[in-house]
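Colleague: Got a minute to go through this model with me? I have a few quick questions.

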Amino acid sequence: MIVELLAHFLVMMAMGADALEATPPEQVQQAVAHTAANSAEGSPEHAELVDRIDVRGDLAHIQEPTLVISTTQDWFTSTRQHRQLADTIPGSQPVEIPTGHLPMVERPRNGRSSSPTSSSGRPDRWPSPAPT
């Protein structure tokens, strides 16, 4: 029961508003069933870590080139939190994607290689979805 409730919550939270509105209810239910059936052991306990683990103090020590992806319809983390990440990680480059938490699910055809670049040669925003 707890896994099914968690799966329903995760699917609703992971999808952006545009994707939820465009997805037929039966497909949403299929996603919930798939998520529940394929949840890794320990998933509920993993979700509980959100309140107990804080790695913000470690971010300033990241020395690798970092692309901070801000999913603008994300219910899990806000764009404000994404900007805070980008501001805290030295030399990071933010990029916005108009999706929910899982852009690779909502817009699988858009890849990093197709994103526009800023004057620095790094991606600065994600392309809008192609009209259907």
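Modeller: Sure, we can take the core, then the surface patches, then one residue pair. Keep in mind that this is a predicted model.

Colleague: Which residues make up the largest nonpolar core?

Modeller: A7, V11, M15, A19, V28, V32 and A36, 7 residues in all. Helices α1 (2-14) and α3 (25-37) each supply at least two of them.

Colleague: And which helix gives the most to this core?

Modeller: α3, with 3 residues.

Colleague: Now the surface. Which residues form the negative patch?

Modeller: E41, E45, E48 and D51. D51 sits in the loop between α4 (43-48) and β1 (67-71).

Colleague: Is D51 buried or exposed?

Modeller: Exposed. D51 has 77% relative accessibility, so it clears the cut-off for exposed, which is over 50%.

Colleague: What about nonpolar surface? Which residues make a patch there?

Modeller: L102, M104 and V105 make one of about 280 Å². M104 belongs to helix α6, residues 103-106.

Colleague: Why does M104 count as exposed?

Modeller: Because its relative accessible area is 55%, and exposed means over 50%.

Colleague: Different topic: A47. Where is that one?

Modeller: In helix α4. A47 is partly exposed, because its relative accessible area is 37%, which falls between the 20% and 50% limits.

Colleague: How many residues lie between A47 and L10 in sequence terms, and what separates their C-alpha atoms?

Modeller: They are 37 residues apart along the chain. Their C-alpha atoms are separated by 9.9 Å.

Terms used. Residues are numbered from 1 along each chain as its sequence is written. This is a predicted model: local features need pLDDT of at least 70, side-chain atom pairs count only at pLDDT 80 or more; totals for chains, interfaces and linings use all residues. Side-chain values use heavy atoms; hydrogens and water are left out. Patches are made of residues with over 30% relative accessible area and no salt bridge: like charges are joined within 9 Å, nonpolar side chains (Val, Leu, Ile, Met, Phe, Trp, Tyr) within 5 Å. Accessible areas come from the Shrake-Rupley method with a 1.4 Å probe; for residues, only the protein chains shown count as cover. A salt bridge is a side-chain nitrogen of Lys or Arg within 4 Å of a carboxyl oxygen of Asp or Glu. Helices (H or I, at least four residues) and strands (E, at least two) are DSSP runs, numbered from the N terminus. Buried means under 20% relative accessible area, exposed over 50%, partly exposed in between (1.4 Å probe, protein chains only). Lys and Arg count as positive and Asp and Glu as negative; His and the chain ends are not counted. The place of a charge is taken as NZ of Lys, CZ of Arg, CG of Asp or CD of Glu. A nonpolar core is a set of buried Ala, Val, Leu, Ile, Met, Phe, Trp, Tyr and Cys residues joined through side-chain atoms within 4.5 Å.
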